[in-house]
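Subject: A structure for you to look through

Dear colleague,

I am passing on a structure that I would like you to look through at your own pace. Please open it beside this message, so that you can find each residue as you read.

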Amino acid sequence: MDFENIAFVAARTPEAQESLRRLKHRYGHVPPERADVIVALGGDGFMLETLHGSLSQQAAIYGMNRGTVGFLLNTYREEALIERLKVATSVRLTPLLLRAVTATGQAEDALAINEVALLRQSRQAAKLRISVDGRVRLEEMICDGVLLSTAAGSTAYNASAHGPILPLGSNVLALTPISVFRPRRWRGAVLPNTARVEIEILEQLKRPVSAAADFTEVRDVVRVTISERRDQTLNLLFDPEHNLEERILREQFMP
């Protein structure tokens, strides 16, 4: 890949903004819509914002950590950026498409790179019916919510809810309940990434539920469907010694 045209984007923190100034001066800069690669400077939250903003573009995304955890980012160094880009490992991510219908009949779509989360809106637990590929799998689940996570997102909210961490390339999704009350022993499911998941909200007026796809929230939903959006993919670049597959594997052995 030709890395002559680089766009730099940065979070609003002083550290990220100073790095932006220095890297632009050193390597030049083009607008993101003209770039071969977009270099994102910030933390994981800003990286997720950059990915969402790049869904309609063909540029690869290479992050450098100017935040805290930096799970989706590479180590920050100003030197030899072009050389790092040329030997970087490419990872293709496919987002999830959320289609939600609200209590007023309004239909809304949103994309998620990490996960789609259904969450109770009130003190009352949510009551959900879950179908996979048109077949009801759980007639009724009482819980605080449920997540459908990609492999890349399986180390985030999904892991906090005790869901499985999924290797990249496994072609599966994690369906994970949040504080499930009934059925008491159900701990979730691993689904093929071709699955179409439909979730109906039972007793919606008494037990209102919101649906969130990364940054987008739809409140008072009555039904959602979730599936992979295969016509839109993202190309992430990682240094070979810190590739995303190794990071996900390492997360499974963290104390």
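Below I go through what was found, one region at a time.

Please keep in mind from the start that this is a predicted model.

Helix α2

A good place to begin is helix α2, which covers residues 44-53 and in which F46, M47, L48, T50 and L51 are buried. If you look at what covers these buried residues, you will find that the cover includes the strands β1 (6-10), β2 (37-42), β3 (60-65) and β17 (234-238). Within this helix, F46 is worth a closer look. Its relative accessible area is 17%, and because buried means under 20%, F46 counts as buried. Leaving aside neighbours within four places in sequence, F46 is in contact with V9, A10, A11, A40 and L41. One of these partners shows how the fold brings together residues that are apart in sequence, since F46 and A11 are separated by 35 residues along the chain while their C-alpha atoms are 6.1 Å apart in space.

Two buried residues in strands

The next residue to find is S210, which sits in strand β14 (residues 209-213). S210 counts as buried because its relative accessibility is 4%. When residues up to four places away in sequence are not counted, S210 touches A117, L118, L119 and Q121, and also E217, V218, R219, D220 and V221. For a distance to check on your own screen, take S210 and L138, which are 72 residues apart in sequence and 19 Å apart in space, from C-alpha to C-alpha.

E115, in strand β7 (residues 115-120), is a charged residue to look at with some care. How far from buried E115 is the nearest side chain of opposite charge? That side chain belongs to R219 and is 15 Å away, and E115 has no salt bridge. Its contacts, again without the neighbours within four places in sequence, are L147, L148, S149, G153, A156, Y157, A212, A213 and D214.

Salt bridges

The structure holds 15 salt bridges, and a few of them will serve as examples. In one, the side chains of R99 and D109 meet with a distance of 2.8 Å from N to O. R99 belongs to strand β5 (residues 96-102) and D109 to strand β6 (residues 107-112), with their positions 10 residues apart in the sequence. R99 is partly exposed because its relative accessible area is 45%, and D109 also counts as partly exposed, at 46%.

Another salt bridge joins R129 and E200, whose closest N and O atoms are 3.6 Å apart. R129 is part of strand β8 (residues 126-132) and E200 is part of strand β13 (residues 197-201), so this pair ties together parts of the chain that are 71 residues apart in sequence. E200 is partly exposed, with a relative accessible area of 25%.

D231 and R229 make a further pair, with 2.5 Å from N to O. Here D231 counts as exposed because its relative accessibility is 57%, whereas R229, at 27%, counts as partly exposed. Finally, R22, R26 and E78 are linked to one another in a network of salt bridges.

A positive patch and a cis peptide bond

On the surface, R182, R184, R185 and R187 form a positive patch. Of these, R184 is placed in the loop between β11 (172-178) and β12 (189-192), and R184 counts as partly exposed because its relative accessibility is 46%. P183 lies in the loop between β11 and β12 as well, and the peptide bond that joins R182 to P183 is cis, with an omega of about -5°.

Unusual backbone angles

As background for this last part, most residues other than glycine have a negative phi, and most peptide bonds are trans. A80 is not a glycine, yet it has a positive phi of about 55°. A80 is placed in the loop between β3 and α3 (81-87), where it is partly exposed with a relative accessible area of 37%. N171, which is not a glycine either, has a positive phi of about 60°, and you will find N171 in the loop between α4 (157-160) and β11.

With best wishes

Key:
Residues are numbered from 1 along each chain as its sequence is written. This is a predicted model: local features need pLDDT of at least 70, side-chain atom pairs count only at pLDDT 80 or more; totals for chains, interfaces and linings use all residues. Side-chain values use heavy atoms; hydrogens and water are left out. Buried means under 20% relative accessible area, exposed over 50%, partly exposed in between (1.4 Å probe, protein chains only). Helices (H or I, at least four residues) and strands (E, at least two) are DSSP runs, numbered from the N terminus. Contact means heavy atoms within 4.5 Å. Patches are made of residues with over 30% relative accessible area and no salt bridge: like charges are joined within 9 Å, nonpolar side chains (Val, Leu, Ile, Met, Phe, Trp, Tyr) within 5 Å. Accessible areas come from the Shrake-Rupley method with a 1.4 Å probe; for residues, only the protein chains shown count as cover. A salt bridge is a side-chain nitrogen of Lys or Arg within 4 Å of a carboxyl oxygen of Asp or Glu. Lys and Arg count as positive and Asp and Glu as negative; His and the chain ends are not counted. The place of a charge is taken as NZ of Lys, CZ of Arg, CG of Asp or CD of Glu.
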